[in-house]
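Me: I have a structure open and want to go through its architecture. Can you take my questions as they come?

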Amino acid sequence: MLKVLDLFSGIGGLDLGFEWAGFETKWFCEIEEFPRKVLNKHWPDVPIIEDIRNVTGKSVQPVDVLIGGFPCQDISNAGDMAGITEGKRSGLWSEQFRVIRVLRPRYAVIENVANLVGFGLERVLADLASIGRDASWAVIPASATGADHKRDRVFIVSYITNNVSNGIQGCAEKAFSWLHALQGFSDGRGLAEWPERSVQNIHPFRRGADGISTRLYNDRIKGLGNTVVPQVAYLVARAVREHAEEQGEWK
């Protein structure tokens with residue numbers, strides 16, 4: 001079981017998918033009050049650091065995997081599409097990159113809106129390469145896992161490379177390819193393929209176009225809007241786990 005630190009945690013969508021795949025969440029980092037309440041409810045024993053600037057080698061114990069999606073408001077179609085810009089919320093990529101550089105996790109999984117491909121992906125990949133990390137990436141839509149909304153998201157999976165044999169090339173693409181291997185995904189019948197917990201407790205995407213009740217407070221809608229669909233996160237986590245097993249790093 002590999003240990004996880006989640007930055008920009010939101011309400012824990014990424015963590016849920018990674019836990020389905022057998023990972024263990026050890027730390028959260030989330031600045032907003034309402035998402036922290038959700039995290040405290042479902043992960044009462046996992047500490048939360050409120051400000052990413054306080055995530056250092058002294059404030060957290062070593063982890064194997066760092067996951068998280070820096071703010072997308074300046075990258076998405078709904079925003080100003082300025083890309084990764086210092087002084088804007090998207091500029092927090094610099095902090096996420098700092099944490100990756102300092103903590104040196106075996107794996108770093110970065111999530112964002114699909115628009116990052118044209119407005120910042122080169123910057124992210126170049127930063128990772130500058131500290132000796134290989135990376136692969138893929139755009140995965142939530143609709144491919146049975147959701148009634150498209151919700152394209154790009155996932156970048158990065159690994160410290162010491163030689164050609166342990167490179168992670170193709171890891172994210174593998175997650176995408178599994179969508180076609182699981183029968184019935186496109187119409188929701190593939191729910192039987194998910195871990196039992198997801199089917200019982202989070203019957204997804206059938207309460208409305210966004211998968212949520214239409215009678216929720218704004219903070220709940222915002223929290224759900226900012227999170228990652230756990231079923232998609234599970235596919236990525238499954239690919240990471242398979243790579244770790246191939247490298248003899250799964251324990």
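Reply: What follows is a short run through the fold, the cores, the cavity and a few single residues.

Me: Is this a predicted or an experimental model, what kind of source is it?
Reply: The model is predicted.

Me: How many helices and strands does the protein have?
Reply: There are eight helices and seven strands.

Me: And what percentage of the residues count as buried?
Reply: The protein has 251 residues, and 53% of them count as buried.

Me: What share of the contacts is long-range, say 24 or more positions apart?
Reply: Taking contacts with a separation of 6 or more, 68% are between residues 24 or more positions apart.

Me: Now the sheet. What is the strand order?
Reply: The order is β3-β2-β1-β4-β5-β7-β6, in an open sheet of seven strands with mixed pairing. The edges are β3 (48–49) and β6 (133–141). Each of these has a single partner strand, so one side of each has no neighbour in the sheet.

Me: How do β1 and β2 run, parallel or antiparallel?
Reply: Strands β1 (residues 3–7) and β2 (residues 24–29) run parallel and are joined by five bridges. V4 has T25 as its bridge partner in β2, and L5 has W27.

Me: Is β1 mostly covered or uncovered?
Reply: β1 is mostly covered, with four of its five residues buried.

Me: What about β5, how many of its residues are buried?
Reply: Seven of the seven residues of β5 are buried, so the strand is largely enclosed by the rest of the structure.

Me: Which way does β5 pair with β4, parallel or antiparallel?
Reply: β4 and β5 pair in the parallel sense, over four bridges. L66 has A108 as its bridge partner in β5.

Me: And with β7, parallel or antiparallel?
Reply: β5 and β7 pair in the antiparallel sense, over seven bridges. There, the bridge partner of V109 is V157 in β7.

Me: On to packing. Which residues touch the most other members of the largest nonpolar core?
Reply: F18, F23, V65, V109 and F155 do, in a core of 26 residues. At least two core residues come from each of α1 (13–20), β4 (65–68), β5 (107–113), β7 (152–160) and α8 (230–246). α8 gives the most, with seven residues.

Me: Why would those side chains be found together?
Reply: As a general tendency, nonpolar side chains in soluble globular proteins are buried together.

Me: What does F18 touch, beyond its neighbours within four places in sequence?
Reply: F18 is in contact with F23, V65, I67, V109, A233 and A237.

Me: What is in the second core?
Reply: The second core is separate and has 25 residues, including L7, I49, F97 and I156.

Me: How many cavities of 30 Å³ or more are there?
Reply: The count comes to one cavity of 30 Å³ or more. About 40 Å³ of space lies in the largest cavity.

Me: Which residues line the largest cavity?
Reply: The lining consists of I140, A142, R151, R153, F155, V228, V229 and V232. By class, that is six nonpolar, no polar and two charged residues. F155 also appears among the residues that touch the most other members of the largest nonpolar core.

Me: Different topic: D15. Does D15 count as buried or exposed?
Reply: D15 counts as buried, because its relative accessibility is 0%, below the 20% cut-off. D15 lies in helix α1.

Me: What does D15 touch, leaving out residues up to four places away in sequence?
Reply: D15 touches V4, D6, T25, F28, W43 and I67. Two of these, V4 and T25, are the bridge partners mentioned for β1 and β2.

Me: Last item, backbone angles. What is phi of F8?
Reply: Phi of F8 is near 50°, a positive value in a residue other than glycine. F8 sits in the loop between β1 and α1.

Me: Why point out a positive value there?
Reply: Most residues other than glycine have a negative phi.

Me: And R104, what is its phi?
Reply: Phi of R104 is also near 50°, and R104 is not a glycine. R104 is in the loop between α3 (93–103) and β5.

Me: Is R104 buried or exposed?
Reply: R104 counts as exposed, because its relative accessibility is 51% and the cut-off is over 50%.

Methods
Residues are numbered from 1 along each chain as its sequence is written. This is a predicted model: local features need pLDDT of at least 70, side-chain atom pairs count only at pLDDT 80 or more; totals for chains, interfaces and linings use all residues. Side-chain values use heavy atoms; hydrogens and water are left out. A nonpolar core is a set of buried Ala, Val, Leu, Ile, Met, Phe, Trp, Tyr and Cys residues joined through side-chain atoms within 4.5 Å. Buried means under 20% relative accessible area, exposed over 50%, partly exposed in between (1.4 Å probe, protein chains only). Contact means heavy atoms within 4.5 Å. On a 1 Å grid over the protein atoms alone, a cavity is a set of points where a 1.4 Å probe fits but cannot get out, and a pocket is an open set with protein on both sides within 12 Å along at least five of seven lines; lining residues have an atom within 4 Å of a point. Grid points are joined across faces, edges and corners, and a volume is the space filled by probe spheres set on the points. Ala, Val, Leu, Ile, Met, Phe, Trp, Tyr, Cys and Pro count as nonpolar, Asp, Glu, Lys and Arg as charged, and the others, Gly among them, as polar. Two strands pair if DSSP finds at least two bridges between them.
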